[in-house]
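Colleague: I have not looked at this one before. Can you walk me through it?
Modeller: Sure, here it is.

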Amino acid sequence: MSIYLRVEITPHDGKQAEFETAAKALVAQAADEPGTLTYRVFAGASGGYTFIEEYVDAAASAEHGKTGRELLAQLGAVATIDRVDVYGGPEDNVEKMAKVFPNGTGHTQAF
């Protein structure tokens, strides 16, 4: 089953340009990852951003984390991760996956 992530991030004051540079690089990198189905970034009215991500499975999500480690670290240096929601099937152990993230919550598909 696909794994979905919804990540809410707020850039630190004065770090908007650095955040956008790193986020754009992540979007470009994700486009070349074979297990990444969707990787989109949406701007919110409050100045925050929401990342919507879909991976073919948990392994692809983990691979994105490994491949993007440097860019993800750059994001973490200039922004606060406010919330991470991880969605998947019962076999995906989304609660365990969510614990990897600050403010992470797992959501298992009900039916």
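Modeller: Bear in mind that this is a predicted model. A place to begin is helix α1: what covers its buried residues includes β1 (3–11), β2 (36–43), β3, α2 (58–67), α3 (69–78) and β4 (79–88).

Colleague: Which residues of α1 are buried?
Modeller: The buried ones are F19, A22, A23, L26 and A30. Seen down the axis of α1, they fall within an arc of 100°, so they line one face of the helix.

Colleague: Why would residues spaced like that point the same way?
Modeller: An α-helix has 3.6 residues a turn, so residues three or four places apart point the same way.

Colleague: And what is exposed on the other side of α1?
Modeller: A17, T21, K24 and A31 are exposed there.

Colleague: What should α1 span, at 1.5 Å a residue?
Modeller: Its 16 residues, 16–31, should span 22 Å. The C-alpha atoms at its ends are 23 Å apart, which agrees.

Colleague: OK, on to the sheet. In what order do the strands come?
Modeller: The order is β2-β3-β1-β4-β5, five strands in an open sheet with mixed pairing. β2 and β5 (104–108) are the edge strands, each pairing on one side only. From one strand to the next, the twist averages 15°.

Colleague: Take β3. How many bridges join it to β2?
Modeller: Seven, and the two strands run antiparallel. One of the partnerships is A43 with Y49 in β3. The hairpin of β2 and β3 has five residues between the strands, and G47 there takes a positive phi near 95°.

Colleague: And β1 with β3, parallel or antiparallel?
Modeller: Antiparallel, over seven bridges. L5 stands opposite E53 in β3, and I9 stands opposite Y49.

Colleague: Is β3 enclosed or open to the outside, then? How many of its residues are buried?
Modeller: Six of its seven residues are buried, so β3 is largely enclosed by the rest of the structure. Helix α2 lies across β1, β2 and β3, and runs at about 130° to β3.

Colleague: Where does Y55 sit?
Modeller: Y55 is in strand β3, which covers residues 49–55. Y55 is buried, with a relative accessible area of 0%.

Colleague: What does Y55 touch, away from its sequence neighbours?
Modeller: Leaving out residues up to four places away in sequence, Y55 touches S2, I3, L5, E33, G35, T36, L37, Y39, A60, S61 and H64. Take E33: Y55 and E33 are 22 residues apart in sequence, and their C-alpha atoms are 9.6 Å apart in space.

Colleague: L5 has come up twice. What is L5 in contact with?
Modeller: Not counting neighbours within four places in sequence, L5 is in contact with F51, I52, E53, Y55, S61, V84, D85, V86 and F101.

Colleague: Last topic, the core. How many residues are in the largest nonpolar one?
Modeller: It has 23 residues. Those with the most contacts inside it are I3, L5, F19, F51, L75 and V86. β1, α1, β3, α3, β4 and α4 (94–98) each supply at least two residues of this core.

Colleague: Which element gives the most to this core?
Modeller: That is α1, with five residues.

Key: Residues are numbered from 1 along each chain as its sequence is written. This is a predicted model: local features need pLDDT of at least 70, side-chain atom pairs count only at pLDDT 80 or more; totals for chains, interfaces and linings use all residues. Side-chain values use heavy atoms; hydrogens and water are left out. Helices (H or I, at least four residues) and strands (E, at least two) are DSSP runs, numbered from the N terminus. Buried means under 20% relative accessible area, exposed over 50%, partly exposed in between (1.4 Å probe, protein chains only). Contact means heavy atoms within 4.5 Å. The expected span of a helix is 1.5 Å times one less than its number of residues. The arc is that of the directions from the helix axis to the C-beta atoms. Two strands pair if DSSP finds at least two bridges between them. Axes are lines fitted to C-alpha atoms, for helices over the stretch in contact, and angles run from 0 to 180 degrees between N-to-C directions. A nonpolar core is a set of buried Ala, Val, Leu, Ile, Met, Phe, Trp, Tyr and Cys residues joined through side-chain atoms within 4.5 Å.
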